[in-house]
Amino acid sequence: MAANASGQGTRHLNNAKINLGSGHWKFEGWVNVDLDQDSRPEVLADLSRALPFRDGCAAFMHTEDFIDQLELDAAAAFLRECHRILRPGGVFRVLTPDVHQLCEMYVNRPDDLKALWRDHVRVPLTFGTAAEIVNVGMRFAGHTFLYDAETFTRLAEACGFEARRVGFNESEFEELRGLDLRSPETAISLYFDLYKL
Ligand SMILES: C[S@@+](CC[C@H](N)C(=O)[O-])C[C@H]1O[C@@H](n2cnc3c(N)ncnc32)[C@H](O)[C@@H]1O
């Protein structure tokens with residue numbers, strides 16, 4: 001199903017599984033959505049605008065390392081749109097980098113932070129110091145606003161969700177297990193399941 005931001009091709013979706021900001025890591029059996037044409041998503045759309053989906057058409061949604069690309073107010077608008085298209089009882093899984101872990105590693109475990117960057121992030125650094133990692137980490141790959149658990153929970157609740165913090169690939173729902181790309185060994189992520197009650 002090819003669709004563009006006008007929503008053509010999306011209107012018959014029902015109980016859909018929608019992956020937002022999929023990039024090249026598309027989920028099979030899901031409707032993958034991205035702005036990047038090269039990644040050939042099923043739906044090409046700008047997620048900072050109104051989403052081209054009907055109210056309540058999704059049973060499950062997922063987004064990994066996208067919401068941090070938005071300013072806080074834009075992230076709130078995005079989550080409200082996600083709340084609109086999720087059906088009651090539906091669940092939205094959100095992964096995003098954890099600024100608390102980044103700062104904790106900077107203060108207490110700088111060698112672990114350097115090893116994580118060297119082995120898994122691999123973005124070139126000038127000196128390779130922990131401070132440089134914090135600075136680049138806040139900004140590379142389009143990072144705009146990084147969350148800790150408290151801030152993300154408050155944002156999600158303000159947008160109508162019940163936010164439950166979960167672990168890597170851990171979910172009450174089979175549909176949401178086994179999708180996470182970033183494990184605690186390779187990244188510093190927050191894992192949330194957001195419930196629309
Ligand atoms: C860091 S990548 C994450 C890709 C994948 N979900 C992952 O976890 O590796 C961020 C993705 O968000 C997409 N993106 C950024 N801004 C967007 C926007 N306004 N609308 C739609 N997609 C956007 C990018 O094209 C990219 O594929």
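**From the ligand shell to the sheet and cores**

Of the 17 residues around the ligand, those that come nearest are Gly21, Gly23, Leu35, Leu47 and Glu64. The model is predicted. By residue type, the shell around the ligand splits into 6 nonpolar, 6 polar and 5 charged residues.

Step back to the whole chain. The domain assignment gives domain 1 as 16-96 + 147-195, and domain 2 as 101-138. The first of these is thus written as two stretches of the chain, the second as one. Over C-alpha atoms, the centres of domain 1 and domain 2 are separated by 26 Å.

Now the sheet. It is open and has 7 strands. Their order is β3-β2-β1-β4-β5-β7-β6, and the pairing is mixed. The edge strands are β3 (43-44) and β6 (162-165), each of which pairs on one side only.

Strand β1 is a good place to look in detail. In the strand order, β1 stands between β2 and β4. On one flank, β1 and β4 run parallel and are joined by 4 bridges. Here lysine 17 stands opposite phenylalanine 60 in β4, and asparagine 19 has histidine 62 of β4 as its bridge partner. On the other flank, β1 and β2 also run parallel, joined by 3 bridges. There, leucine 20 stands opposite valine 33 in β2. β1 is mostly covered, with 4 of its 5 residues buried. In a regular strand, side chains alternate between the two faces of the sheet.

What fills the interior? The largest nonpolar core has 40 residues. Ile18, Ala58, Met61 and Phe92 touch the most other members. Several elements give two or more residues to this core: strands β1 (16-20), β2 (31-34), β4 (58-64), β5 (86-97) and β7 (189-195), plus helices α1 (72-85) and α5 (149-158). Another core lies apart from it. That one has 5 residues, among them Met105, Leu113, Ala130 and Ile133.

Return to alanine 58 in the largest core. Which residues is alanine 58 in contact with, leaving aside its neighbours within four places in sequence? They are Ala16, Ile18, Phe53, Ile85, Leu86, Arg87 and Gly90.

Two residues deserve a look for their backbone angles. Arginine 40 is not a glycine, yet its phi is positive, at about 50 degrees. Arginine 40 sits in the loop between β2 and β3. Arginine 40 counts as partly exposed because it has 13 C-beta neighbours inside 10 Å. Aspartate 65 also has a positive phi, near 55 degrees, in a residue other than glycine. Aspartate 65 lies in the loop between β4 and α1. Why does aspartate 65 count as buried? Aspartate 65 has 20 C-beta neighbours inside 10 Å, and 20 or more is the cut-off for buried.

Two further residues round out the picture. Glycine 128 is found in the loop between α3 (110-121) and α4 (130-139). Glycine 128 is exposed, because 11 other C-beta atoms lie within 10 Å and the limit for exposed is 12 or fewer. Glycine 128 and aspartate 65 are 63 residues apart along the chain, and their C-alpha atoms are separated by 23 Å. Arginine 84 lies in helix α1. With 18 C-beta neighbours inside 10 Å, arginine 84 counts as partly exposed. Arginine 84 and aspartate 193 are 109 residues apart in sequence, and 16 Å apart in space from C-alpha to C-alpha.

Notes. Residues are numbered from 1 along each chain as its sequence is written. This is a predicted model: local features need pLDDT of at least 70, side-chain atom pairs count only at pLDDT 80 or more; totals for chains, interfaces and linings use all residues. A residue is near a molecule or strand if its C-beta atom, placed from the backbone, lies within 6 Å of it. Ala, Val, Leu, Ile, Met, Phe, Trp, Tyr, Cys and Pro count as nonpolar, Asp, Glu, Lys and Arg as charged, and the others, Gly among them, as polar. A nonpolar core is a set of buried Ala, Val, Leu, Ile, Met, Phe, Trp, Tyr and Cys residues joined through C-beta atoms within 7 Å. Two residues are in contact if their C-beta atoms, placed from the backbone, lie within 7 Å. Domain bounds come from an automatic or database domain assignment. Two strands pair if DSSP finds at least two bridges between them.
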